[in-house]
Amino acid sequence: MDTRDPAAALTVVNRLVVRGDHTVFEAACDAHAAFLLSRPHFGHLVVLRTATQPRVYTQFAHWERLDGFLDTVREPAFRAHVERIGPLVEASADQMDSVFRVLRYAATEGGLNVLITWARLLCEDQRYAFEARFAALSEHCGATEGFGGCDLLFSSVNPLNYAILQWWREAEDCDRALCGTGYRRLRLSLAGLAMLRTERVVHVRYGDPTQPRSAR
């Protein structure tokens, strides 16, 4: 029996390695995204491509309510999309909760202006210290030019794991922020509590039901 709160928000994080033509995959993802954006209680979708591994994509699908997600995955149309995308990729997934989010500006699509950091705590009882140190890093980033926002997500599957999204409007804004001594010092403080692996990623797509899709 599922004892989770049906009104709780969640983010589904999909890690996808494309087997064939990435343009075919992206077209299938666009169709799937359009379906998700039409669903009740869907919040937003972020699609990212790893710069050094262009066949590796990460999708963050945020749901405002768990029951909206569960109702959707039971739909035949959802299963049809999954069956279409499935043969194109090798996939892994996690379910995460956003514990700290700042939203200012959207990252420009197509830019190398987003960071994903995968973090694994060295000790579970350091969770709140890690989150406090990330809040300090976020405050510092907020003072940098072009900072768009961040999202700290905590895995509901593995209590040691976090995912961190940070983005700037343009790649140049991101470059300047990462070169700063303050950023490097605060990131090093995070590394004292967790193993960190950071990827610079291309912002492929952002979808929000409240906003019109950008022209492509």
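**Exercise 1. Which residue in β4 is the bridge partner of Val17?**

Before we start, keep in mind that this is a predicted model.

Step 1. Look at how the two strands are matched up: β1 and β4 pair in the antiparallel sense, over eight bridges.

Step 2. Find Val17 and read across to β4: the bridge partner there is Glu90.

Step 3. Now try β3, which also pairs with β1 in the antiparallel sense, over eight bridges. Here Asn14 has Gln59 in β3 as its bridge partner.

Step 4. Check how covered β1 is. Seven of the nine residues of β1 are buried, so the strand counts as mostly covered.

**Exercise 2. Work out whether Met96 is buried or exposed, then find what it touches.**

Step 1. Locate the residue: Met96 sits in strand β4.

Step 2. Compare its accessibility with the cut-off. Buried means under 20% relative accessible area, and Met96 comes in at 2%, so it is buried.

Step 3. List the contacts, skipping neighbours within four places in sequence. Met96 is in contact with Leu10, Thr11 and Val13, among others. Further along the chain numbering, its contacts include Leu153, Phe154, Ser155 and Ser156, and also Asn161, Tyr162 and Ala163.

Step 4. Try a distance as well. From C-alpha to C-alpha, Met96 and Ala61 are 10.0 Å apart in space, with their positions 35 residues apart in sequence.

**Exercise 3. Describe the second largest pocket: how much space lies in it, and which residues are closest to its centre?**

Step 1. Start with the volume, which is about 380 Å³.

Step 2. Go to the lining. There are 19 lining residues, and Asn14, His32, Gln59, Phe78 and Val82 are the closest to the centre. You've met two of these already: Asn14 and Gln59 are the bridge partners from β1 and β3.

Step 3. Ask where the lining comes from. β1, α1, β3, α3 and β4 each supply at least two residues, and the largest share, four residues, belongs to α3.

Step 4. Sort the lining by class. You should get 14 nonpolar and five polar residues, with no charged ones.

**Exercise 4. Do the same for the largest cavity: which element gives the most to its lining?**

Step 1. Count the cavities: there are three of 30 Å³ or more. The largest cavity holds about 100 Å³ of space.

Step 2. Find the centre. Of 14 lining residues, the closest to the centre are Cys29, Asp30, Ala33, Val47 and Arg205.

Step 3. Assign the lining to elements. At least two residues come from each of α1, β2 and β8, and α1 gives the most, with six.

Step 4. Sort by class again. This time you get seven nonpolar, three polar and four charged residues.

**Exercise 5. Why is the pair of Phe147 and Trp168 called edge-to-face?**

Step 1. Take stock of the rings: the structure holds seven aromatic pairs.

Step 2. Check the geometry. The ring centres of Phe147 and Trp168 are 5.6 Å apart and the planes are at 70 degrees. Planes over 60 degrees apart count as edge-to-face, so this pair gets that name.

Step 3. See what the pair connects. Phe147 is in strand β6 and Trp168 is in strand β7, 21 residues apart, so to speak of distant parts of the chain being linked is fair. Both residues are buried.

Step 4. Look for a group of rings elsewhere: Phe42, Trp63 and Phe69 form one aromatic cluster.

**Exercise 6. Which strands pair with β7?**

Step 1. Begin with β6. It runs antiparallel to β7, and seven bridges join the two. A hairpin through five residues takes the chain from β6 to β7.

Step 2. Add β5, which pairs with β7 in the antiparallel sense over seven bridges.

Step 3. Pick out Tyr162 in β7. Tyr162 is the bridge partner of Ala119, and also of Phe154.

Step 4. Decide how covered β7 is. Seven of its eight residues are buried, so β7 is largely enclosed by the rest of the structure.

**Exercise 7. Which residues does Leu186 contact, leaving aside its neighbours within four places in sequence?**

Step 1. Place the residue: Leu186 lies in helix α6.

Step 2. Check its cover. A relative accessible area of 11% makes Leu186 buried.

Step 3. Read off the contacts: Ala136, Leu137 and His140.

Technical notes. Residues numbered from 1 in each chain as written. Predicted model: local features only at pLDDT ≥ 70, side-chain atom pairs only at ≥ 80, totals over all residues. Heavy atoms only, no water. 1 Å grid on protein atoms, 1.4 Å probe; cavity = no way out; pocket = protein on both sides within 12 Å on 5 of 7 lines; lining within 4 Å. Points joined across faces, edges and corners; volume = space filled by probe spheres on them. Nonpolar A, V, L, I, M, F, W, Y, C, P; charged D, E, K, R; others polar. Buried < 20%, exposed > 50% of the residue type's maximum accessible area, 1.4 Å probe, protein only. Pairing = 2+ DSSP bridges. Contact = heavy atoms within 4.5 Å. Phe/Tyr/Trp six-rings, centres within 6.5 Å; stacked < 30°, edge-to-face > 60°.
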